[in-house]
Amino acid sequence: MMSAPGVSKANFQTGAMVELVDIYPTVVDLCGVKPAGPLSGISLRPLLQDPSMKWDKVAFSQFVRPYQALFSKFSAKAREMGYSVRTKDWRFTAWYDLKGDTVAYKELYHMAGNDIERVNLADDGRYRSVQTRLMSLIRAYKDKAYDRLNSL
């Protein structure tokens, strides 16, 4: 939930896809502060001003398998990294094997009208073009993330 005095409309909702990394750029924008450098997210001000506007952004997430590998007290070693992209209608995840940086497994779920995804459509040839488009978004996201890490 987000609201800004003089910017947002009361009691409006949107189905637009946004990310947590968009919060800081939004607050900076709303405060009129110039950021010291480039930001990962984007300002949601336009969406706050018009929640019904056309918004074609996607959301990315990344997580490790097994989950316990995130905690040092566990002996589990990370074996796979999952990169997901979420659009209005689809969620696609590519699980990369960390030893060879190859895709070990894919998940594709049709989200339009579904509360919970249940059927993995990644192997269904009817959705090959959707999967190809979403995989290209993940590759671009993954490459950009690695570029940021290498510049630190």
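Colleague: Why is the pair Arg-45 and Asp-29 called a salt bridge?

Modeller: In this predicted model, the closest N and O atoms of Arg-45 and Asp-29 are 3.2 Å apart. The cut-off is a Lys or Arg side-chain nitrogen within 4 Å of an Asp or Glu carboxyl oxygen. At 3.2 Å the pair falls within 4 Å, so it counts as a salt bridge.

Colleague: What makes you say that this pair ties parts of the chain together?

Modeller: Arg-45 sits in helix H2 (residues 45-49) and Asp-29 in helix H1, so the link joins parts 16 residues apart in sequence.

Colleague: And why are Arg-45 and Asp-29 called partly exposed?

Modeller: Partly exposed covers what lies between buried, under 20% relative accessible area, and exposed, over 50%. Arg-45 comes out at 23%, so it is partly exposed. Asp-29 has 29%, so it gets that label too.

Colleague: How many salt bridges does the structure hold?

Modeller: There are 5 salt bridges. One of them joins Asp-56 to Lys-54, with 3.5 Å between the closest N and O atoms. That value is within 4 Å, so the pair qualifies. Asp-56 and Lys-54 are both exposed.

Colleague: What makes Lys-142 and Asp-101 a salt bridge?

Modeller: Their side chains meet at 3.0 Å, N to O, and the limit is 4 Å, so the pair counts. Lys-142 belongs to helix H3 (residues 128-150), and Asp-101 to the loop between strand E3 (90-97) and strand E4 (102-110), so this pair connects parts that are 41 residues apart in sequence.

Colleague: Why is Lys-142 called buried?

Modeller: Lys-142 has a relative accessible area of 6%. Buried means under 20%, so the label follows. Its partner Asp-101 has 41%, which lies between the two cut-offs, so Asp-101 is partly exposed.

Colleague: What is notable in the backbone at Asp-101?

Modeller: Asp-101 has a positive phi of about 50°, although it is not a glycine. Asp-101 is found in the loop between E3 and E4.

Colleague: Which peptide bond is cis?

Modeller: The bond from Arg-65 to Pro-66 is cis, with omega near -10°. Pro-66 is in the loop between strand E1 (59-65) and strand E2 (80-86).

Colleague: Back to charges. How do you know that Asp-22 has no salt bridge?

Modeller: Lys-57 is the nearest side chain of opposite charge, and it is 9.0 Å away. A salt bridge needs a nitrogen within 4 Å of a carboxyl oxygen, so Asp-22 goes without one. Asp-22 is nonetheless buried.

Colleague: What does the side chain of Asp-22 reach?

Modeller: The Asp-22 side chain reaches the backbone nitrogen of Glu-19 at 2.9 Å. Leaving aside residues up to four places away in sequence, Asp-22 touches Gly-41, Ile-42 and Leu-44. Asp-22 itself lies in the segment before H1.

Colleague: Which residues form the nonpolar patch on the surface?

Modeller: Met-2, Leu-20, Ile-23 and Val-27 form it, with about 370 Å² of accessible area together. Met-2 is placed in the segment before helix H1 (23-31).

Colleague: What makes Met-2 eligible for a patch?

Modeller: Patch residues need over 30% relative accessible area. Met-2 has 33%, so it clears that bar. The 33% also makes Met-2 partly exposed.

Colleague: Is Phe-12 buried or exposed, and what tells you?

Modeller: Phe-12 has a relative accessible area of 53%. Exposed means over 50%, so Phe-12 is exposed. Phe-12 is found in the segment before H1, and its C-alpha atom is separated by 18 Å from that of Thr-26, 14 residues apart along the chain.

Colleague: How many helices and strands are there, all told?

Modeller: The chain has 3 helices and 4 strands, running α-α-β-β-β-β-α from the N terminus. The C-alpha trace spans about 50 × 40 × 30 Å along its principal axes.

Colleague: And how much of the chain counts as buried?

Modeller: Of the 152 residues, 30% count as buried. The accessible surface is about 10,700 Å², and 53% of it belongs to carbon and sulfur atoms. Among contacts between residues at least 6 apart in sequence, 40% join residues at least 24 apart.

Conventions:
Residues are numbered from 1 along each chain as its sequence is written. This is a predicted model: local features need pLDDT of at least 70, side-chain atom pairs count only at pLDDT 80 or more; totals for chains, interfaces and linings use all residues. Side-chain values use heavy atoms; hydrogens and water are left out. Patches are made of residues with over 30% relative accessible area and no salt bridge: like charges are joined within 9 Å, nonpolar side chains (Val, Leu, Ile, Met, Phe, Trp, Tyr) within 5 Å. Accessible areas come from the Shrake-Rupley method with a 1.4 Å probe; for residues, only the protein chains shown count as cover. Helices (H or I, at least four residues) and strands (E, at least two) are DSSP runs, numbered from the N terminus. Buried means under 20% relative accessible area, exposed over 50%, partly exposed in between (1.4 Å probe, protein chains only). Lys and Arg count as positive and Asp and Glu as negative; His and the chain ends are not counted. A polar contact is a pair of N or O atoms within 3.5 Å; within protein, one must be able to donate a hydrogen and the other to accept it, and residues adjacent in sequence count only if both atoms are side-chain atoms. Contact means heavy atoms within 4.5 Å.
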